[in-house]
Structures are given as C-alpha cells and as structure tokens.
Amino acid sequence: MSTAESATSTATRRTPGLVPVTETMRTTERTEDYAADHPATTGPSGPSGPYGQASEPVSGRASAARATWAFLRLLRSELGLTFRRPRNLAILAVLAVVPVVVGLALRLVGGSDDGVGGIVQAVAGNSLMLTFASFSFLVLLLMPVAVSVVAGDSIAGEAGGGTLRYLLAAPAGRTRLLAVKYLNAVVYAYAVTAVVALSALLTGLALFPAGPVTLLSGTTIPMLDGLVRIAITVGYVGAGMAALAAIALTLSVFTEVSIGAIAGTVILVIVCQVLRAFPELSSITPYLLPTKFTSFDAVLRSPIDTGALMDGLLTFGAYILLSGTIAWARFSGKDITS
C-alpha cells in the first residue's frame, strides 16, 4: 500500500459505532454543499447530480414543502410512539384518577356537620372549583413528574437503547430531531394538563352543584365565564409544563441514562420548593420556575389579573429559550456513540 493510500485510510478510519457530527447532516444540506462546490455538468441525458444521475432543478418552495412534510411525518411518528406506550398511558390514567379521589374526599368533608371553610367550602359550593383545586394539588409535583418522564427519556432513552445513532444516520438532522422531541414532550404536557382538567370538571359536575361561580375576590360570574377561565388555566399550566419539559430535555441531552434526566428534573423541582420555604431567600423566589406554576389563580379574580399571567408566561418563555439553546448547543456539536 502506498503512503498516500495509507494516509487516506487513516483519515477515514473512525471508532466503530461513532456517528460524527458531519455525517448527520440532512440530505438537503449535503446536496446544497455539493452543488456549491460542483456545479451541475451536462451529460448525454442532461444535467447530472452528485452521483451521476439525471437531476432537475427544484424550486425553493417545493424543497421547503418537502422539508415541512418530512418534519410533520417524523413528529406524527414520535407522537404515535409516545401515546401508544403503556407507561405513558398509565401515567395519564393515574392523573385522571387523582381529581376523582380529591372530589370524593371533599364531598365527604363538605357533607359533614362540622363547619368547613376555605377551598372545601368553595368546591362544595360549585362544581367548577374542583378543577382549580386539583391543579393546585397536582401542579407542584405529580404533573411535573409525568412530564419529566417523557421529556427526560426523549434523547437519553434513544441513546441508552442504542437507537439514537440510527435516527441520526437517517436524513433527520440533529436540529429537526431535537425540535421533534421537544414538541412531542410539549404535546404530552398539554395532554397531562387537559386530562387533569377534564377529569376534575366531570367529577365536579357529578358531585357538586353547577351554577354561577364565586371567585376569590368575592365576585360571582356565570358558569360559562367559569368554563372560559378553566380553558385559560389549561393554557397557562400547559405552558408551565412545557417550560419544565425544556429543562428535562436539556438534561436528557447530557446523559445516556434516562432515569438520570428524569430524576434530575424532579429533584430540581423539589429543591425549588424547599428554597421557596425560606424567607431569607425571598429575593430569588420570583425567578424559580415552580413559583409561577400556581399563578393560574389569577383567573379567580375579577377582573383577571393579566399582569400575573403575563409575568408567568414570560418566565416560562425565558426558561424554554435558555434550556433550548443549551440543549441545541450540546446536541448539535457532540459525537454520538450509542
């Protein structure tokens, strides 16, 4: 073997199973790079492409349409896998049962002869209030755990199962794959929120009287207005869970053990809850993500405290942007070995 051939062989040799960054570019990126370096030549049958086959010019609109369709197809496949997985369905079932248990407990307490007050009295007085009570109970731990399981398993689970390198070997592209994984986690987060709201609403209608709703501010509003406020709450809480999913996805990028990313996210939530309990740390409390989870109670005031809701949404957006940037910087620049 000549010296030149030996050098070429050494340059192309790589670790078995290792997928370098350059080999996971999208097919369109490879074609564009080739076209920039090798202008199309004309053969007997017309212009020839990078592999000698006949090619036709493709408009930017058609290329964008194909890329969009490929993205949606990948997202649909990911959603199908997520919502067919027994573990994820079991989590949704457990979350659906919790509002029923809470409703039955409040029904028993509210039906006793002892004087009751606070949230028990509010729920016993109107069925819609059970939805807000359920969110107050679940949004601080159980819902974050559910979202962390899916988001934390998104990348680390693929790496741990040895399937990540095959996903990247296909023309999926790292950025597109990361976006699909995050959107999948966001959809599941909103599914978790919707399941809790629907279960609590149906349980409340079955166990407690329906009618005008008395808000925390003492104002009474029609039932339809109360349903609108529940819809706003679902949107707000879902956004908070989406922000938590971004953190879990970021941790998932840094490990090949999904339980590590899941546990890390849950521990982070618990630590934030502990920090909120210390008055000496009140200066950092507004910047902790779980602090904004319960700000949905702004819809229980008249008029709705839009300032509190917007402040929470801006906080969620900041966490999503920061976590997404870190996840993309890490995932787009590392070699995949599993």
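UniProt positions are given here in the numbering of this structure, and such annotations may be inferred rather than shown by experiment. The model described is predicted.

**Annotated segments**

The unreviewed UniProt entry places the feature "transmembrane region" at residues 89–109, 129–151, 185–208, 228–251, 258–278 and 312–331. The table gives the computed secondary structure and end-to-end C-alpha distance for two of these stretches, 185–208 and 258–278.

| Residues | Helix | Strand | Distance between end C-alpha atoms |
|---|---|---|---|
| 185–208 | 96% | 0% | 34 Å |
| 258–278 | 90% | 0% | 31 Å |

**Asn 126 and its surroundings**

Asn 126 belongs to the loop that links helix H5 (118–125) to helix H6 (129–138). With a relative accessible area of 3%, Asn 126 counts as buried, because the cut-off for that class is under 20%. Its side chain has two backbone oxygens as polar partners: that of Gly 211 at 2.9 Å and that of Pro 212 at 2.8 Å. Apart from neighbours within four places in sequence, the residues in contact with Asn 126 are Phe 208, Pro 209, Ala 210, Gly 211, Pro 212 and Val 213. Of these, Phe 208 is also the last residue of the annotated stretch 185–208.

**Helix H6**

Helix H6 (129–138) follows the loop that holds Asn 126. Eight of the ten residues of H6 are buried, and the helix is therefore largely enclosed by the rest of the structure. The buried residues are Met 129, Leu 130, Thr 131, Phe 132, Ala 133, Ser 134, Phe 135 and Leu 138. In the UniProt record, one annotated transmembrane region, 129–151, begins at residue 129.

Notes. Residues are numbered from 1 along each chain as its sequence is written. This is a predicted model: local features need pLDDT of at least 70, side-chain atom pairs count only at pLDDT 80 or more; totals for chains, interfaces and linings use all residues. Side-chain values use heavy atoms; hydrogens and water are left out. Helices (H or I, at least four residues) and strands (E, at least two) are DSSP runs, numbered from the N terminus. Buried means under 20% relative accessible area, exposed over 50%, partly exposed in between (1.4 Å probe, protein chains only). A polar contact is a pair of N or O atoms within 3.5 Å; within protein, one must be able to donate a hydrogen and the other to accept it, and residues adjacent in sequence count only if both atoms are side-chain atoms. Contact means heavy atoms within 4.5 Å.
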